[in-house]
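Work through the exercises below with the model open. Each task is followed by a stepwise solution.

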Amino acid sequence: MKYENKGISEEMQLKLFRKMLKPRMVEEKMLILLRQGKISKWFSGIGQEAISVGVTAALETDEYILPMHRNLGVFTGRDIPLHRLFSQWQGKANGFTNGRDRSFHFGTQEYRIVGMISHLGPQLGVADGIALASVLKNEKKVTAVFTGEGGTSEGDFHEALNIAAVWELPVLFCVENNGYGLSTPTNEQYRCKHLVDKGVGYGMEAHLVDGNNVLEVYALIKKLAESLRERPRPVLLEFKTFRMRGHEEASGTKYVPQELMDAWAAKDPLRNYELFLTESGILTADKIAALKAEITTEIDDNLRLAFDEPEVEVNESKELNDLFKPFVYKQITHSNEIANIRLVDAISEGLKQAMEKHDNLVIMGQDVADYGGVFKITDGFMEAFGANRVRNTPICESAVVAASMGLSINGMKAVMEMQFADFASTGFNPIVNYLAKSHYRWGENADVVIRMPCGGDVGAGPFHSQTNEAWFTKTPGLKIAYPAFPHDAKGLLATAIEDPNPVLFFEHKALYRSVYQDVAVDYYTLEFGKAALLKEGNDISVVSYGAGVHWALETLNAHPDIKADLIDLRTLMPLDIEAVYASVRKTGKLIILQEDSLFGGIASDISALVMENCFERLDAPVTRVASLETPIPFAKNLEDNYLPKARFETTLLDLLAY
Ligand SMILES: Cc1ncc(C[n+]2csc(CCOP(=O)(O)OP(=O)(O)O)c2C)c(N)n1
């Protein structure tokens with residue numbers, strides 16, 4: 001291998017050697033411990049150290065790096081005390097996740113490292129969000145994100161690179177091409193000659209780099225980082241290297257031809273660099289021995305600390321409490337000035353006032369800028385707040401959700417408009433796996449609200465009419481609001497934005513322009529987890545949310561003889577189940593009306609909870625009314641038949657007669 005010092009000082013050349021030696025020696029120790037059954041899985045980065053080490057050393061310590069499972073050199077390069085890494089890998093409290101996640105699946109703000117989730121691709125979009133925040137804050141910082149060549153086949157890679165290019169974000173996309181994705185060789189992964197050729201397609205500067213040559217990696221990244229800080233733009237880097245061990249230790253390397261192993265063994269980044277430094281007179285055998293002794297002592301001392309640490313304690317209330325970042329609701333009341341406005345106006349007004357209140361709040365979504373969004377909620381926002389804070393996105397829900405997370409990591413707030421709630425399916429992974437799980441996993445909140453225009457009775461067919469809250473109520477770590485009235489919508493949206501946790505905010509399209517209410521003109525908040533009692537009566541309890549509330553009202557208004565409690569849940573997570581219990585204990589009968597199809601919806605859980613907690617007080621089976629178990633159809637008569645509106649009346653009367 002050929003090394004050129006590229007003007008790098010001897011001191012730095014030595015530093016880079018030490019920085020590569022350390023992860024190599026840590027790994028060698030881990031492999032021994034693995035064989036002794038003292039640690040669980042291990043993903044080896046042996047032979048790839050020059051990339052992690054070169055990139056990390058070239059960046060400032062306050063610039064974010066988003067590493068993968070083979071980037072131990074990023075973690076050691078930022079001088080994380082080894083015992084904390086060892087505790088992390090042993091699932092102990094001194095690690096970074098309180099034993100809640102394994103291996104490299106963690107981040108740490110202290111070291112400006114944001115670890116991967118298993119799904120590989122989402123962190124590429126997170127890097128976009130972090131870089132966007134740096135640009136908006138005028139910080140002149142670069143963000144580096146890693147992926148293997150296998151991960152480049154995911155849609156997330158395309159989405160993240162495309163956004164970074166369109167928005168000129170200072171992101172270094174570092175592809176470590178190590179020949180295999182698990183057992184899949186590159187010729188079964190992609191068909192272009194080099195992955196770096198894709199840079200042209202994204203309109204992005206791109207470089208092919210010898211990933212086993214630490215001086216080349218360091219010099220190039222240093223030069224690029226300096227340039228990107230001054231002139232923000234993304235760069236695609238393909239580092240050619242090789243995975244010298246199995247995908248993870250247990251899986252072996254049988255499928256890798258021996259010649260390939262031998263050829264790459266000859267290119268070992270550490271041995272070759274050691275040879276170069278020795279031949280240049282920068283390193284001596286004595287110095288190498290001293291360095292190894294020093295690192296061995298560091299490893300042994302730190303391992304002792306980790307092994308001496310007790311197993312993580314089980315504390316159920318701590319487990320539950322750590323799901324969300326603590327948020328103390330602050331009630332903000334309004335003056336008496338009111339206006340009679342529609343749901344759509346209330347949401348728009350609430351959002352606008354939140355933009356005025358939080359100058360770190362950014363709105364992102366398709367067509368939300370000049371065009372004002374397809375429902376015109378953000379009409380005029382771009383003029384009021386500028387194109388930096390009201391951002392049109394390309395059509396890429398997954399990367400925009402991920403970028404929202406990145407904004408939050410880097411100190412901002414994000415509201416994403418999902419053009420239609422139906423399209424959350426293409427952003428599903430980062431919602432349920434990234435936003436929902438980050439605080440529980442490593443204490444990082446997701447200060448993100450996703451607005452979800454949803455619902456049927458609009459003649460829009462299976463892909464523009466779904467009310468898909470049940471996809472998310474199942475997932476711990478998400479808060480969910482589903483207002484039915486303008487006053488609630490405005491106040492709950494303000495609270496959703498104040499809350500530093502991820503909130504899905506459902507807005508029923510059929511109610512946007514049909515429901516009017518007197519709404520306070522000022523900014524105000526409403527507390528989550530508080531149902532509203534819209535009607536009071538002793539005959540029966542009716543529980544619903546969203547459009548269902550209006551259908552129930554219509555039915556009850558048509559039957560003034562029925563004396564019912566009508567409960568509008570307003571938020572589904574947290575769920576005000578106590579309000580439901582209190583009502584059922586009074587009436588003895590409960591009917592739950594849900595717009596979505598029946599199976600697996602929140603009505604089922606409410607029913608189960610009431611059976612479990614109010615059984616003795618029930619005079620009839622809890623009854624659920626919901627849509628048919630089919631997709632929602634287009635034609636008016638089919639849609640009317642699908643929706644539970646008509647069935648509600650007959651079921652209500654049957655239950656009253658029980
Ligand atoms: C979405 C998803 N699909 C599949 C996997 C299983 N898996 C984990 S790592 C991996 C290979 C990744 O290959 P590459 O991106 O080249 O990185 P490398 O492991 O080679 O460093 C696979 C298939 C996963 N974690 N996530």
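**Exercise 1.** Sort the residues that line the largest cavity into nonpolar, polar and charged.

*Solution.* Keep in mind that this is a predicted model.
- Step 1: list the lining. It consists of Ile-39, Ser-40, Lys-41, Trp-42, Trp-89, Arg-102 and Ser-103.
- Step 2: apply the classes. Ile and Trp count as nonpolar, Lys and Arg as charged, and Ser falls among the polar residues.
- Step 3: read off the split. The lining has 3 nonpolar, 2 polar and 2 charged residues.
- Step 4: add the volume. The largest cavity holds about 50 Å³ of space. The structure has 3 cavities of 30 Å³ or more.

**Exercise 2.** Find which aromatic cluster Trp-42 and Trp-89 belong to.

*Solution.*
- Step 1: start from the cavity. Trp-42 and Trp-89 are among its lining residues.
- Step 2: collect the cluster. Trp-42 and Trp-89 join Phe-75, Phe-86, Phe-96, Phe-104 and Phe-106 in one aromatic cluster.

**Exercise 3.** Classify the pair Tyr-180 and Tyr-255, then state what it ties together.

*Solution.*
- Step 1: set the context. The structure holds 23 aromatic pairs.
- Step 2: take the geometry. The ring centres of Tyr-180 and Tyr-255 are 5.6 Å apart, with 55 degrees between the planes.
- Step 3: apply the cut-offs. Pairing needs centres within 6.5 Å, and angles that are neither under 30 nor over 60 degrees count as tilted. This pair is therefore tilted.
- Step 4: place the residues. Tyr-180 sits in strand E4, and Tyr-255 in the loop between strand E7 and helix H9, so the pair links parts 75 residues apart in sequence.
- Step 5: check accessibility. Tyr-180 is buried at 9%. Tyr-255 is partly exposed at 29%.

**Exercise 4.** Do the same for Phe-428 and Trp-471.

*Solution.*
- Step 1: take the geometry. Phe-428 and Trp-471 lie 6.3 Å centre to centre, with planes at 85 degrees.
- Step 2: classify. Over 60 degrees counts as edge-to-face, so Phe-428 and Trp-471 form an edge-to-face pair.
- Step 3: place the residues. Phe-428 belongs to helix H16 and Trp-471 to helix H18, so the pair ties together parts 43 residues apart in sequence.
- Step 4: check accessibility. Phe-428 is partly exposed at 29%. Trp-471 is partly exposed at 31%.

**Exercise 5.** Which rings have Lys-376 and Arg-391 over their faces?

*Solution.*
- Step 1: take the lysine. Lys-376 lies over Tyr-371, at 3.7 Å from the ring centre.
- Step 2: take the arginine. Arg-391 lies over Trp-167, at 4.3 Å from the ring centre.

Conventions
Residues numbered from 1 in each chain as written. Predicted model: local features only at pLDDT ≥ 70, side-chain atom pairs only at ≥ 80, totals over all residues. Heavy atoms only, no water. Phe/Tyr/Trp six-rings, centres within 6.5 Å; stacked < 30°, edge-to-face > 60°. Helix = DSSP H or I, 4+ residues; strand = E, 2+ residues; numbered from the N terminus. Buried < 20%, exposed > 50% of the residue type's maximum accessible area, 1.4 Å probe, protein only. Lys NZ or Arg CZ within 6 Å of the ring centre and 35° of its normal. 1 Å grid on protein atoms, 1.4 Å probe; cavity = no way out; pocket = protein on both sides within 12 Å on 5 of 7 lines; lining within 4 Å. Points joined across faces, edges and corners; volume = space filled by probe spheres on them.
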